[in-house]
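Please take a look at the model below. Some questions about its fold come after it.

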Amino acid sequence: MFDVSATPSGRFQVFLQAQLPLLAGALFVGIATAIVLPESYQSFILPAGLAVILFASVSMLVFPWEKIAPSWMILVAITDIVGVTFMRTELIQVIPSVGILVIFPILWLAYGFRPGVVFVALAGACFISTFPFIYRGAWPSNGVEWLNVITLPALAIGIALVVNLAALQLRRNAEKLAEASREQTVTLRRALDNEILSRNILDTVNAGVAFYSSDNELLLSNALARGMTRAVGFELDQPPYGGEQVLAADRKTAIAIEDQIIPRALRGELLEDHLEWLGPPDQQSAILASSRRVEREDGALLGTVVMAYDITELAAAISVREEFLGTVSHELRTPLTSVVGYLELIADDLDPTTNAEALVYLQIVRRNMNTLAERISYMAGSADTALTLRPADTDVVALVASCVQRASDKARSRGVTLDNTVTGPASAHIDAGRISQALDELIANAIKFSPSGSTVTVSQVTDDDSVRISVSDGGPGMTRSEQTRVFDRFYRTQHARDQAVQGFGLGLFVVKNIMTAHGGHVTIERSSPENGTRMTLTMPRRETERPVAPMLIPSNRTRS
């Protein structure tokens with residue numbers, strides 16, 4: 001039926017669309033006939049036809065078809081065909097075109113109901129053409145009369161079929177559109193739900209997040225990100241996406257706007273843990289930022305996401321720790337130097353022939369004092385904040401051999417076999433002293449934690465771009481949680497604490513900083529109680545733009 005609601009107003013709308021045109025046409029013909037041909041009303045059939053159409057119209061208006069099956073309205077269309085048939089029978093000789101009124105109910109039947117109802121329309125067309133002959137009791141006697149009989153049904157049938165097929169196609173399209181609309185509604189609801197979820201997640205995480213389109217237009221951000229940028233004096237959605245009060249990690253060097261986080265990220269640079277200080281001197285906050293390019297499956301750029309964490313409290317805690325280490329180290333070294341000096345004076349005043357035993361005790365005290373001084377110096381060095389490299393072309397094979405040679409005596413004393421499998425040639429542009437320091441640390445740790453009778457192996461892999469030096473041991477290994485923290489300063493594993501292994505927990509921290517300064521890295525390739533630990537130093541062979549190490553590392557030999 002027509003796309004209307006099953007309500008009285010919907011019924012009235014159907015009346016306006018389907019019945020009113022026929023009623024208006026029938027009344028026009030009836031009034032015109034009454035004026036021009038009043039004698040036509042002498043026969044009952046013309047008034048009967050008008051009455052039938054009027055009855056159908058009134059019944060359509062007042063009868064609640066929507067409360068039963070709307071298909072029952074087909075009775076109204078059939079009644080209309082009967083009414084038009086009566087009018088045509090009376091007026092066909094004087095107004096042949098009156099038969100055109102049948103088009104209205106036939107179109108209604110063909111368009112407004114199920115496809116099978118078109119046969120009712122066909123039957124109606126046949127009825128309206130044959131009824132006049134039945135009514136008069138005389139059938140066509142020649143070809144012209146038969147042509148008059150079949151012309152109207154043929155045209156009506158053709159129109160009905162075309163309209164019925166069009167209606168069927170329209171219904172199918174309407175169903176497809178309705179299904180598409182439902183899917184779009186569901187998709188839109190999901191998209192809105194996802195947007196709400198995303199915004200709540202963004203506002204919940206303890207990080208500032210901003211997402212820019214491929215055209216550098218801000219699409220999404222959270223309140224924390226907006227607060228960070230406003231502290232510097234700019235908005236996330238307004239170029240140039242930077243401010244004046246932004247300092248580098250040293251908290252002294254001003255960063256130009258084009259070199260700040262968001263402009264660099266929008267140029268396509270991938271930032272990883274980039275540190276900046278934001279705001280005026282008395283209200284500075286430290287942020288650690290990273291950025292990523294977001295791409296579709298086909299590789300097309302979708303946009304850029306920037307994430308920043310406020311680490312002001314962490315930076316302040318680290319600063320306090322560094323100051324404390326520096327202060328304590330300084331305060332301990334001063335009296336320690338004095339004690340060592342007085343010990344030397346006492347030793348000089350004692351006669352070796354009469355105070356031999358006292359000199360032995362003094363020698364033990366001096367050795368322990370020197371060890372204590374060395375450890376204090378080591379701890380003080382870890383609080384410094386810069387690392388200077390002196391890179392040069394270096395024979396890596398010879399460097400590894402030298403490190404292995406230095407550790408040989410210690411390995412033998414612990415019953416550990418030290419195996420050097422490195423063969424040459426191999427060279428790299430590195431600071432030989434610093435790399436030796438890092439490798440010494442790995443070898444010393446491997447020997448320290450390996451049981452007697454096991455083997456520590458030093459190996460090397462070289463390609464066109466990098467050199468990888470690995471140290472493998474048969475020690476107790478580390479748990480997954482220990483592996484995530486082993487490069488932190490002052491961290492010591494549970495095994496080292498349980499076995500009272502001496503050390504400050506600075507050795508691997510030192511190694512990490514050395515490798516970072518070289519543009520390389522140190523990794524734990526494996527670590528388990530069954531297979532021991534394998535750690536690898538990876539460094540570029542050629543000179544590259546090297547990052548500044550976050551902490552100064554003492555140049556003397558390191559311990560973990």
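The questions and answers below go through confidence, helices, sheets and one loop residue of this predicted model.

Q: Which helix has the lowest confidence in the chain, and which has the highest?
A: The chain as a whole averages a pLDDT of 82, and 91% of the residues score at least 70. Among the extremes, helix H14 (residues 494-498) is lowest, at a mean of 69. The highest, at 93, is helix H8 (residues 261-266).

Q: Over which residues is the pLDDT below 50?
A: Where pLDDT is low, the predicted coordinates should not be read in detail. One such stretch still has 58 contacts in the model beyond near neighbours in sequence. The pLDDT is below 50 over residues 548-560.

Q: What is the order of the strands in the open sheet of 6 strands?
A: The pairing in this sheet is antiparallel. Strand E1 (residues 208-213) joins strand E6 (residues 301-310) through 6 bridges, with Ala210 partnered by Val306. Strand E5 (residues 285-295) pairs with E6 over 9 bridges. The order is E2-E1-E6-E5-E4-E3.

Q: Which strands stand at the edges of the sheet?
A: An edge strand here has a single partner strand, so one side is left without a neighbour in the sheet. At one end, the pairing with strand E4 (residues 274-278) is antiparallel over 2 bridges, and Val246 has Leu278 as its bridge partner. The edge strands are E2 (218-221) and E3 (246-247).

Q: Which residue takes a positive phi in the hairpin of E5 and E6?
A: The two strands are antiparallel, and Leu288 is partnered by Tyr309 in E6. Between the strands lie 5 residues. The one with a positive phi, near 90°, is Gly299.

Q: At what angle to E1 does helix H7 run?
A: Helix H7 (residues 223-232) lies across E1, E2, E3, E4, E5 and E6. Its direction relative to E1 is about 90°.

Q: What covers the buried residues of H2?
A: Helix H2 (residues 45-62) has 18 residues and reaches 26 Å, close to the 26 Å expected. Its buried residues include Ile45, Leu46, Leu50, Ile53 and Met60. Their cover includes helices H1 (8-36), H3 (74-91), H4 (103-112) and H5 (118-136).

Q: Is Leu101 buried or exposed?
A: Leu101 sits in the loop between H3 and H4. It touches Leu22, Gly25, Ala26, Val29, Val84 and Met87, leaving aside residues up to four places away in sequence. Its relative accessible area is 6%, and the cut-off for burial is under 20%. Leu101 is therefore buried.

Q: What is the handedness of the crossing of H12 and H15?
A: The axes of helix H12 (residues 432-449) and helix H15 (residues 507-517) come within 9 Å and cross at roughly 145°. Residues that meet include Ile435, Ala438 and Leu442 in H12, and Leu508, Val511 and Ile514 in H15. The crossing is left-handed.

Q: Through how many residues does a hairpin join E10 to E11?
A: Strand E10 (residues 455-462) runs parallel to strand E8 (residues 417-420), joined by 4 bridges, and Asp419 stands opposite Thr457. With strand E11 (residues 466-472), E10 pairs in the antiparallel sense over 6 bridges. There Thr462 stands opposite Val467. The number of residues in the hairpin connection is 3.

How values were computed:
Residues numbered from 1 in each chain as written. Predicted model: local features only at pLDDT ≥ 70, side-chain atom pairs only at ≥ 80, totals over all residues. Heavy atoms only, no water. pLDDT = per-residue confidence, 0-100. Contact = heavy atoms within 4.5 Å. Pairing = 2+ DSSP bridges. Expected span 1.5 Å × (residues − 1). Buried < 20%, exposed > 50% of the residue type's maximum accessible area, 1.4 Å probe, protein only. Axes fitted to C-alpha atoms, helices over the stretch in contact; angles between N-to-C directions. Left-handed = near helix turned anticlockwise from the far one by under 90°.
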